[in-house]
Amino acid sequence: MWVSPWLIGSGLFVMLPMAMSLWYSLTDYPLLEPPLFVGLDNYRRMWSDPTFWRVVNNTAVFAAVSIPVYTAVGLVLAGVLSSRVRFARLYQACIFLPTLTPLIAAAMVWMWLFNGEYGLVNRLLGLVGIRGPTWLVDSAWVMPALVIMSVWGVGQAMVVYIAAMQDVPRSLYEAAELDGMGPARRFIHVTLPMISPAILFNVISLLIAAVQVFAVPFVMFRRPDGQHPKGHFYSMYLYENAFIYGQMGYASAMAWVQLLVVLGLTGVLMVVSRKMVHYTRV
Amino acid sequence: MAMGGRRSSGGRRADPWRFVLHAALIAVSLMFLTPLVWMVSTSIKPETQAASGALRLLPEPAGKTLEIAAENYSAVWNDRTVQFPLYLRNTLIVATLGVVGMTLSSAVVAYGLSRVQWRGRGVVLFLIVATMMIPFPVLMVPLYLIFRELGWIGTLRPLWVPAWFGGAFNIFLLRQFFMTIPRELDEAARIDGCSHVRTFLTIILPLSKPALAVVALFHFMYVWNDFVGPLIFLSNRDQFTLALGLQLYQSQAGNTQWNLLMAASTLMISPLVLLFVLTQRTFVRSVAAEGLK
């Protein structure tokens with residue numbers, strides 16, 4: 001049968017792991033010994049684990065700040081660059097280029113740029129007389145640094161939105177212009193509703209990605225004495241529990257909570273957006 | 001678009017806003033490019049000049065730029081502890097085996113979902129879309145245990161074997177593309193006595209080259225980027241991929257050699273930039289397709 005590769009693959013690498021994970025989440029499993037059933041203990045432990053709440057909080061703040069900023073910047077750039085601006089393609093290429101950077105290389109480059117003493121960001125701020133913070137060390141600046149870095153990758157969303165905007169029928173804009181709408185109002189009343197399915201899809205993808213953010217903070221905020229408390233995220237703590245502290249059971253329980261949160265948030269977004277998203281084509 | 005055309009041609013009104021807009025766009029473009037420019041600039045400076053962060057693009061004396069650059073890049077390439085060529089080789093192995101497997105298997109599954117009639121097709125399609133939402137951390141603990149049971153931990157296999165069973169997103173993408181191929185084509189083939197296998201090989205695949213290229217490109221980028229997979233499944237340095245190897249330059253003690261780290265980063269990014277320049281149209285269209293479907 002044609003779909004058998006996927007059936008076998010997802011059975012082996014998705015369904016079986018999910019079932020195993022659900023079982024382990026109900027056990028105490030210190031890797032080298034067999035799992036021991038403990039009921040809901042792991043879930044109860046999360047409730048009273050301060051580190052768990054800290055990583056939940058950091059992850060939630062990161063998602064809540066970076067997604068709106070990223071989406072707004074992406075939409076504005078797409079709006080400007082999809083109109084008949086001269087050299088639009090050239091500007092697009094400049095903004096898209098950074099998205100090619102592998103995450104880990106991007107993290108390295110930004111660690112250097114954000115270096116408190118010698119980094120380019122603070123050198124440039126120094127030119128205009130501002131004394132830049134020690135970005136990756138100062139608790140107050142960890143989150144802004146991460147958000148700036150994520151906006152650097154906005155080319156991805158911009159390209160998607162430009163493609164969606166090019167599918168909006170010209171006639172709608174002409175009608176709006178006849179009604180006396182300026183460019184800004186046309187963008188808000190015509191463009192945004194027409195591309196809302198693309199926005200919704202993009203926001204959901206961003207949400208799923210933000211909930212599991214790992215590689216960048218993992219290398220950027222590692223310190224000799226552990227992780228920077230503000231640069232510590234959910235997936236990182238899950239990883240530490242599983243592969244450093246050897247607590248497979250607790251890590252699996254965290255994994256299931258993460259899965260339910262992703263499904264729940266996606267569901268909420270779908271329902272809430274039902275009235276705001278405008279579907280014309282299928 | 002007429003590059004280098006006159007600023008305001010006859011019919012166009014001379015608009016001060018146009019000037020402001022372009023000034024803003026140039027500033028924004030520069031902001032996006034600066035990190036990459038600074039990365040390259042740092043990579044061609046001697047260690048002390050790089051580390052001082054002085055605001056210069058070229059090293060001093062500028063006449064020795066090429067010499068210093070060659071020195072830095074060969075230092076990265078020939079380093080005995082962080083073995084760039086070896087990591088590159090490992091990454092290429094994973095990428096090649098993965099890309100071939102991913103493209104082939106996703107195409108086969110997508111064919112089954114778009115051209116073969118059978119009960120439960122809708123359910124499978126739904127499941128495929130649903131699995132796209134599962135965060136990797138949910139799977140990483142049990143996958144580690146499964147691969148350990150198979151004796152694959154510390155080999156490259158966990159990084160490419162799963163690709164041979166298709167990827168949910170790629171299957172979906174190809175299925176959507178196959179649906180746009182006129183059915184009359186394969187029905188004609190069927191009347192001529194073509195089996196599904198022959199229809200797939202001689203009609204669907206050749207017509208789908210652009211979509212297959214997109215899947216291949218995506219998977220290549222995925223492998224190049226993947227950090228968590230190698231972090232969990234690889235155990236010794238000989239098997240590291242580039243993404244994992246790059247962090248070895250980062251010194252815990254705080255005396256990172258920024259010029260070498262930036263040179264290694266430049267080397268890691270350059271194939272992707274090259275690929276982008278060569279396949280710009282496919283590339284941008286494919287990224288757009290990812291978000292639109």
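Me: Two residues count as being in contact if their C-beta atoms, placed from the backbone, lie within 7 Å of each other. With that in mind, which residues in α14(B) meet α3(B)?

Reply: The model is a predicted one, and in it helix α3 covers residues 65-78 of chain B while helix α14 covers residues 258-278 of chain B. From α3(B), the residues that take part are B:Asn72, B:Tyr73, B:Ala75 and B:Val76. By class, this contact has seven nonpolar, two polar and no charged residues. On the side of α14(B), the residues that are met are B:Asn259, B:Leu260, B:Ala263, B:Ala264 and B:Leu267.

Me: Is α3(B) roughly parallel or roughly perpendicular to α14(B)?

Reply: The axes of helix α3 of chain B and helix α14 of chain B lie 9 Å apart, and the two helices pack at an angle of about 75 degrees. Angles from 65 to 115 degrees count as roughly perpendicular. The packing angle therefore makes the relation of α3(B) to α14(B) roughly perpendicular.

Me: Which word describes how α3(A) lies to α8(A)?

Reply: Helix α3 of chain A, residues 50-82, packs against helix α8 of chain A, residues 155-166, with axes 8 Å apart and an angle of about 50 degrees. An angle counts as roughly parallel under 35 degrees and as roughly perpendicular from 65 to 115 degrees, while one over 145 degrees is roughly antiparallel and the rest are oblique. The angle of this pair therefore makes α3(A), relative to α8(A), oblique.

Me: How many residues in the contact of α3(A) with α8(A) are nonpolar?

Reply: Among the residues of α3(A) in this contact are A:Tyr70, A:Leu75 and A:Leu81, and α8(A) brings residues including A:Met158, A:Tyr161 and A:Ile162. The crossing of the two helices is right-handed. Sorted by class, the contact has no charged residues and four polar ones, and the number of nonpolar residues is 10.

Me: Which helix of chain B gives the most to the side that touches chain A?

Reply: Where the two chains meet, 65 residues of chain B are in contact with 67 residues of chain A. The side that belongs to chain B divides into 51 nonpolar, 14 polar and no charged residues. The element of chain B that gives the most to this side, with 10 residues, spans residues 16-43 and is helix α1.

Me: Is A:Gln258 buried or exposed?

Reply: A:Gln258 has its place in helix α14 of chain A, residues 248-273. Leaving aside neighbours within four places in sequence, A:Gln258 is in contact with A:Val211 and A:Tyr234, and also with B:Pro135, B:Pro137 and B:Val138 from chain B. A residue needs 20 or more other C-beta atoms within 10 Å to count as buried. Because A:Gln258 has 21 such atoms within that distance, it is buried.

Me: How does A:Phe243 count, with 17 other C-beta atoms within 10 Å?

Reply: A:Phe243 is found in helix α13 of chain A, which runs over residues 234-243. A residue is exposed with 12 or fewer C-beta neighbours and buried with 20 or more, and in between it is partly exposed. Because its number of neighbours is 17, A:Phe243 is partly exposed.

Me: How many of the residues of helix α5 of chain A are buried?

Reply: In chain A taken as a whole, 41% of the 282 residues count as buried. Helix α5 of chain A, residues 103-113, is mostly covered. The buried residues of α5(A) include A:Trp110, A:Met111 and A:Trp112. For this helix, the count of buried residues is 11 of 11.

Me: What phi does A:Leu31 have, although it is not a glycine?

Reply: A:Leu31 sits in the loop of chain A between strands β1 (27-28) and β2 (36-37). With 16 C-beta neighbours inside 10 Å, A:Leu31 counts as partly exposed. Although A:Leu31 is not a glycine, its phi is positive, at about 60 degrees.

Me: Which form, cis or trans, does the peptide bond from B:Glu60 to B:Pro61 take?

Reply: B:Pro61 lies in the loop between α2 (47-52) and α3 of chain B. The bond that leads from B:Glu60 into B:Pro61 has an omega near 0 degrees, and its form is cis.

Conventions: Residues are numbered from 1 along each chain as its sequence is written. Chains are lettered from A and ligands numbered from 1 in the order in which they are written. This is a predicted model: local features need pLDDT of at least 70, side-chain atom pairs count only at pLDDT 80 or more; totals for chains, interfaces and linings use all residues. Axes are lines fitted to C-alpha atoms, for helices over the stretch in contact, and angles run from 0 to 180 degrees between N-to-C directions. Helices (H or I, at least four residues) and strands (E, at least two) are DSSP runs, numbered from the N terminus. A crossing is left-handed if the near helix is turned anticlockwise from the far one by less than a right angle, and right-handed if clockwise. Ala, Val, Leu, Ile, Met, Phe, Trp, Tyr, Cys and Pro count as nonpolar, Asp, Glu, Lys and Arg as charged, and the others, Gly among them, as polar.
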